[in-house]
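Work through the exercises below with the sequence and the model in view. Each task is followed by its solution.

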Amino acid sequence: MPDPVLFAKAMTAAGVTCVVVFAACVGWKRPASAVRNTAASVLGMIGALLVGGWILGLRPHWPPSDALDRLLFVVLPATMAIELLAAVPKMPRSAVWILRVCLAAGAGRILLHGSGYLKGSVTGWTVEDIRVALVVSAVSLIVVWWLLVRLVERSPGVSVLLVLAQVIVTSGLALMLSGYATGGQAALPPAAGLVAIAVAAWGLKTAPSGVGALGIGITSLFGILILGRFFGELSTGRALVLLFAPLVCWATELPALRAQKPWVIGSVRLALASIPLAAVLFLAQRDFAKNMESTTGGEYQSDEY
């Protein structure tokens with residue numbers, strides 16, 4: 001059974017570690033440059049993932065033995081490396097985006113490596129089906145990634161990080177309800193890190209350039225959803241809703257909202273994102289209740305969203 005106390009400890013420790021690392025890298029006395037701020041956010045996220053994962057017992061094995069190992073040992077470290085390179089002053093933006101596209105193209109294939117899906121041995125899935133699914137997932141990942149980075153650059157602030165954290169936590173809960181508790185726990189450290197960076201940036205009154213942390217958060221969300229879709233009982237529809245949910249932040253770019261104060265914009269973004277997230281959680285809870293009833297002789301059928 002999930003342990004709420006353990007989850008709270010892991011998220012608290014991950015958040016505190018992230019704040020300490022971020023503050024140490026940014027500096028306390030003078031505003032940090034955008035480059036140093038970006039690097040600090042990436043290093044803070046690394047600290048959050050390491051500490052939170054250690055407390056939760058999410059220690060990857062080498063060589064990676066399953067999809068969760070490959071997410072923690074391959075996909076996320078690759079993202080961290082790319083985002084640290086993005087913080088290098090003379091690094092061309094085009095080169096950074098080429099690396100991001102390459103990662104997006106290979107992330108799904110890496111996570112499914114060695115599984116029956118790639119061999120066409122899973123009931124209801126052919127090899128062609130999986131190829132199409134991998135292409136769609138890769139395109140979806142890079143589209144979400146590009147749009148969120150563009151939004152942060154267009155409208156700087158911490159609210160996008162908070163919305164992404166909100167989506168990641170909801171995805172973790174949905175995974176736990178869909179039969180993959182360990183995969184759901186993996187959502188907690190990155191979510192805590194994103195919130196910690198938002199709080200630290202606000203407290204230190206530094207320019208909240210969270211593009212680096214954003215990239216790690218997006219790939220964390222993508223990986224968690226792949227785990228839930230292919231190794232849990234998360235439906236394709238719900239996974240797509242969760243992946244695209246952060247894009248509701250673009251609604252605040254409408255003229256009537258864009259001129260509002262930052263706290264108003266942030267509140268609207270969080271409120272808008274909570275609508276699809278609440279719907280997904282309601283349906284996941286409903287299916288979980290049906291599944292529990294099936295153990296007493298009822299019949300369980302998971303509804304597609």
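**Exercise 1: a cysteine**

Cys-18 counts as buried because its relative accessibility is 0% (buried means under 20% relative accessible area, with a 1.4 Å probe and protein chains only). The model is predicted, so local features need pLDDT of at least 70 and side-chain atom pairs pLDDT 80 or more, while totals for chains, interfaces and linings use all residues. Residues are numbered from 1 along each chain as its sequence is written, and side-chain values use heavy atoms, without hydrogens and water.

Task: find how many disulfides the whole structure holds.

Solution. Apply the cut-off: two cysteine sulfur atoms within 2.5 Å. The search of the whole structure returns 0 disulfides. For Cys-18, the nearest cysteine sulfur belongs to Cys-25 and lies 9.9 Å away.

**Exercise 2: a helix pair**

Task: determine how H3 is oriented relative to H4.

Solution. Helices are DSSP runs of H or I, at least four residues, numbered from the N terminus. H3 spans residues 67-86 and H4 residues 93-111; their axes are 10 Å apart, at an angle of about 180° (axes are lines fitted to C-alpha atoms over the stretch in contact, and angles run from 0 to 180 degrees between N-to-C directions). H3 is therefore roughly antiparallel to H4, the term for angles over 145 degrees.

**Exercise 3: a tryptophan**

Task: list what Trp-145 touches, leaving out residues up to four places away in sequence.

Solution. Use contact as heavy atoms within 4.5 Å. Trp-145 then touches Thr-79, Glu-83, Trp-97, Arg-100, Leu-103, Gly-215, Ile-218 and Thr-219.

Notes
Helix = DSSP H or I, 4+ residues; strand = E, 2+ residues; numbered from the N terminus. Parallel < 35°, antiparallel > 145°, perpendicular 65-115°, else oblique. Buried < 20%, exposed > 50% of the residue type's maximum accessible area, 1.4 Å probe, protein only.
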